[in-house]
Amino acid sequence: MSFITGKYARIDVRRGGRTVNEAFQQMAGRLMVALDYPDAQQAEQLIRQLEGIPCYIKVGMQLFYNAGPAFVEQLKSRGYSVFLDLKMHDIPNTVRGGAESITRLGVDMFNVHAAGGRSMMSAARAGAEAAISADSSLAMPLIIAVTQLTSTDQTTMNTELGIPGTVQDAVVRYAQLTREAGLDGVVASPLEVPAIRAVCGSDFKTITPGIRPAGSATGDQSRVLTPGQAIAQGSSYIVVGRPITASSDPRAAAKHIIEEMIQV
């Protein structure tokens with residue numbers, strides 16, 4: 001299905017070898033809008049406002065635990081790419097089963113915690129492969145690992161979590177472990193993307209929350225960049241929640257972010 005309607009459906013102006021419409025579609029596909037809502041009804045209000053923008057939709061714990069698999073299936077039926085953000089972290093066999101169930105939903109991306117170790121992460125891939133083996137109509141989702149939450153600063157990491165060194169050291173170490181486990185990429189702050197790419201290569205995906213447009217509040221995020229800065233750093237995808245969901249005009253906010261991404 002075609003998402004592009006209105007203004008961007010009609011523009012066909014060349015910019016840097018691409019039309020504006022092409023550039024908008026490409027960058028919109030790298031924007032993940034976080035549906036940080038308690039129920040499907042509130043989430044639906046935002047989805048209606050974003051209609052026509054081909055962004056990724058990120059479904060997190062609160063919404064998924066309330067609305068369930070049916071909500072994810074509804075998003076897929078409407079043509080959205082879905083990142084199911086449940087951050088699995090358990091024994092390998094349990095994660096394998098969880099990954100198999102998640103893959104059956106048809107999601108495009110899901111995640112685990114890198115802190116679970118190589119065997120646990122490999123089990124997630126095995127679970128996804130088992131689901132696809134049983135149903136050839138399914139596509140292999142991207143499987144990524146959380147390194148350090150963007151709310152974690154170095155003091156918290158060193159004194160509360162007991163992890164020595166800098167945040168970047170820990171993130172890069174987890175990224176290397178994730179690659180060795182056969183997963184597709186990591187969730188990390190955009191500040192760490194260049195270091196991750198230096199050791200894991202340009203094909204290794206980097207999904208970066210902690211994105212705040214210029215002038216917006218940082219909230220509970222400790223390691224942040226603007227959308228344009230994150231793309232310039234090499235982020236594969238950026239995750240944006242409150243700057244869109246809490247905006248008085250979420251559609252305009254999303255378009256503004258995409259336009260900033262295009263300018264890089």
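This passage describes the strands, the nonpolar cores and selected residue contacts of a predicted model. Residues are numbered from 1 along each chain as its sequence is written, and side-chain values use heavy atoms, with hydrogens and water left out. Because the model is predicted, local features need pLDDT of at least 70 and side-chain atom pairs count only at pLDDT 80 or more, whereas totals for chains, interfaces and linings use all residues.

Strand S7 spans residues 142-146 (helices, H or I of at least four residues, and strands, E of at least two, are DSSP runs numbered from the N terminus). This strand is mostly covered, five of its five residues being buried; buried denotes under 20% relative accessible area, exposed over 50% and partly exposed the range in between, with a 1.4 Å probe and protein chains only. Leu142, Ile144 and Val146 point one way from S7, while Ile143 and Ala145 point the other way. On one flank, S7 pairs in the parallel sense with strand S6 (residues 109-113) over five bridges, where pairing requires that DSSP finds at least two bridges between two strands. Within this pairing, Val146 of S7 is the bridge partner of His113. The chain passes from S6 through helix H7 (residues 118-134) to S7 in a right-handed β-α-β crossover; the term right-handed applies if, with the strands pointing away from the viewer, the path from the first strand over the helix to the second runs clockwise. S7 also pairs in the parallel sense with strand S8 (residues 185-187), over three bridges, and Ile144 stands opposite Gly185 in S8.

Helix H7 contains Gly127, which is buried at 0% relative accessibility. Leaving aside neighbours within four places in sequence, Gly127 is in contact (heavy atoms within 4.5 Å) with Arg96, Ala99 and Glu100. Glu100 is placed in helix H6 (residues 92-104) and is likewise buried, with a relative accessible area of 16%. Beyond residues up to four places away in sequence, Glu100 touches Gly127, Ala128, Ala130 and Ala131. Gly127 and Ile102 are 25 residues apart in sequence, and their C-alpha atoms are 9.0 Å apart in space.

The largest nonpolar core (a set of buried Ala, Val, Leu, Ile, Met, Phe, Trp, Tyr and Cys residues joined through side-chain atoms within 4.5 Å) has 67 residues. Among its members, Leu31 and Leu84 touch the most others. With residues up to four places away in sequence not counted, Leu84 touches Val59, Phe64, Val72, Ile102, Leu105, Val107, Met109, Phe110 and Asn111. A second, separate core of twelve residues includes Ala34, Phe83, Met109 and Val187.

Two aromatic pairs were counted, under the criterion that rings of Phe, Tyr and Trp (its six-membered ring) pair if their centres lie within 6.5 Å, with planes under 30 degrees apart classed as stacked, over 60 as edge-to-face and the rest as tilted. One of these pairs joins Tyr56 and Tyr237 in an edge-to-face arrangement, 5.3 Å centre to centre with 70° between the planes. The pair links distant parts of the chain, with Tyr56 in strand S4 (residues 56-59) and Tyr237 in strand S10 (residues 237-240), 181 residues apart. Both tyrosines, Tyr56 and Tyr237, are buried.

The count of disulfides, defined as pairs of cysteine sulfur atoms within 2.5 Å, comes to zero. Cys55 is buried, with a relative accessible area of 3%, and Cys200 is buried at 9%.
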